[in-house]
Amino acid sequence: MIEISHRKAALGPASDFSGIAARYDSTRDLPQEYLLAGYVRLVEHGVLPARGVVLDAGCGTGQLSLPLAAQGYEVHGIDIAAEMIAIAQAKVQSGWRADYSVGDVRDIALDTHSIDAIVVSKLFQHVEDWKGACRELIRVARPGACIIQINERGAFGNAVRRYFARRADELGYAGRYLGLNPHGEAELRTHMKGEGCEAIPFDASNLHWTTGISYGEALGRLRDRLYAEFWYLPEAVHRQLIAETSAWVEAQREGRATIDRLTPYLVVEVFRTPR
């Protein structure tokens, strides 16, 4: 079993992905070509500068920002998980202006108004004080710079995980994230508006791809606790759900060999900071 943890500090809890760093990239599918196509559109839309300094907040292994470094941007990435940072930094190629370091999004070691654009992915759901994280991102952004949230919707919604999550709901464990509900777009927009930010409409839903996962692989990822959504379930509850989900998988016609075909797509939310 992979050891899971979260940071408890003066800033409050935040999910720490150190324990799954070695398996993170192999279990998160965000094809580079679709991400790059999204960035091209963001530049054309006037919300991502064609060059400049970009902060990747909660950068993980650098999946979101390394393509920007390859395009000539100066990239700074921060994450509380040292193991994730080490992987990101190891991917930086000669000549790229990219630096990844351990840091907390609620207390960023950067000057006020020093960043030209900020990218995040699945950040606010893993930080209890996500509103404090938003305020800190706004602080380091230059006036009028954009905070760009990019998520791959539908990439993790396979049938096995849906069954597991539904049973968790039924057992009374519906609120499983430390921070913002990942489907809480309206709450995020309301908060950012209150901070003086302007929501910029941007539709990237036609940037989609196909992928697949076997029921056996999906079950294994749940058993190994690779998803922070389920980290805070009591151990006994997690064991019960694994047993029930395993029985459900075996009852399917092709059992663990069943393949679930998925069509993930990009969801991009853009907030322009106060000018």
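The following exchange examines a predicted model through its confidence, aromatic pairs, one helix and several single residues.

Trainee: How is the model numbered and filtered, and what pLDDT does the chain average?

Mentor: Residues are numbered from 1 along each chain as its sequence is written, and side-chain values use heavy atoms, with hydrogens and water left out. As this is a predicted model, local features need pLDDT of at least 70 and side-chain atom pairs count only at pLDDT 80 or more, while totals for chains, interfaces and linings use all residues. pLDDT is the predictor's confidence in each residue, from 0 to 100. At least 70 is scored by 96% of the residues, and the chain averages a pLDDT of 95.

Trainee: Over which residues does pLDDT stay under 50?

Mentor: A contact here means heavy atoms within 4.5 Å. The stretch in question has 27 contacts beyond four places in sequence in the model, and it covers residues 1-8.

Trainee: How many aromatic pairs are there?

Mentor: Rings of Phe, Tyr and Trp (its six-membered ring) pair if their centres lie within 6.5 Å; planes under 30 degrees apart count as stacked, over 60 as edge-to-face and the rest as tilted. By this rule the count is seven.

Trainee: Why is the pair of Tyr 163 and Trp 248 classed as it is?

Mentor: A pair of aromatic rings is described by the distance of the centres and the angle of the planes. For Tyr 163 and Trp 248 the centres are 4.9 Å apart and the planes are at 15°, so the pair is stacked.

Trainee: Which parts of the chain does this pair tie together?

Mentor: Helices (H or I, at least four residues) and strands (E, at least two) are DSSP runs, numbered from the N terminus. Tyr 163 lies in helix 6 (residues 159-170) and Trp 248 in helix 9 (residues 235-251), so the pair ties together parts that are 85 residues apart in sequence. The parts are therefore helix 6 and helix 9.

Trainee: Is Trp 248 buried, partly exposed or exposed?

Mentor: Buried means under 20% relative accessible area, exposed over 50%, and partly exposed in between (1.4 Å probe, protein chains only). Tyr 163 has 15% relative accessibility and counts as buried. Trp 248 has 22% relative accessibility, so the class of Trp 248 is partly exposed.

Trainee: Which residue lies over the face of Tyr 227?

Mentor: A charge sits over a ring if NZ of Lys or CZ of Arg is within 6 Å of the ring centre and within 35 degrees of the ring normal. At 4.2 Å from the ring centre of Tyr 227, the residue over its face is Arg 161.

Trainee: Where on helix 4 do its buried residues fall?

Mentor: The buried residues of helix 4 (residues 82-91) are Met 84, Ile 85 and Ala 88. Seen down the helix axis, they fall within an arc of 100° (taken from the directions from the axis to the C-beta atoms), so they line one face of the helix.

Trainee: Against which elements do the buried residues of helix 4 pack?

Mentor: Two of the partners are helices and two are strands. They are helix 1 (21-24), helix 3 (66-70), strand 4 (74-79) and strand 5 (98-102).

Trainee: Which backbone atoms lie by the polar side-chain atoms of Thr 273?

Mentor: Thr 273 lies in the segment after strand 11 and counts as buried at 2% relative accessibility. A polar contact is a pair of N or O atoms within 3.5 Å; within protein, one must be able to donate a hydrogen and the other to accept it, and residues adjacent in sequence count only if both atoms are side-chain atoms. The atoms are the backbone oxygen of Arg 142, at 3.3 Å, and the backbone nitrogen of Gly 144, at 3.2 Å.

Trainee: Is Pro 274 buried, partly exposed or exposed?

Mentor: Pro 274 is also found in the segment after strand 11 (265-272). Leaving aside neighbours within four places in sequence, Pro 274 is in contact with residues including Ile 138, Glu 195 and Cys 197. With a relative accessible area of 32%, Pro 274 is partly exposed.

Trainee: What side chain does the side chain of Ser 18 join in a polar contact?

Mentor: Ser 18 lies in the loop between strand 2 (14-16) and helix 1, and is buried with a relative accessible area of 17%. The polar contact is 2.6 Å, and the partner is Asp 16.
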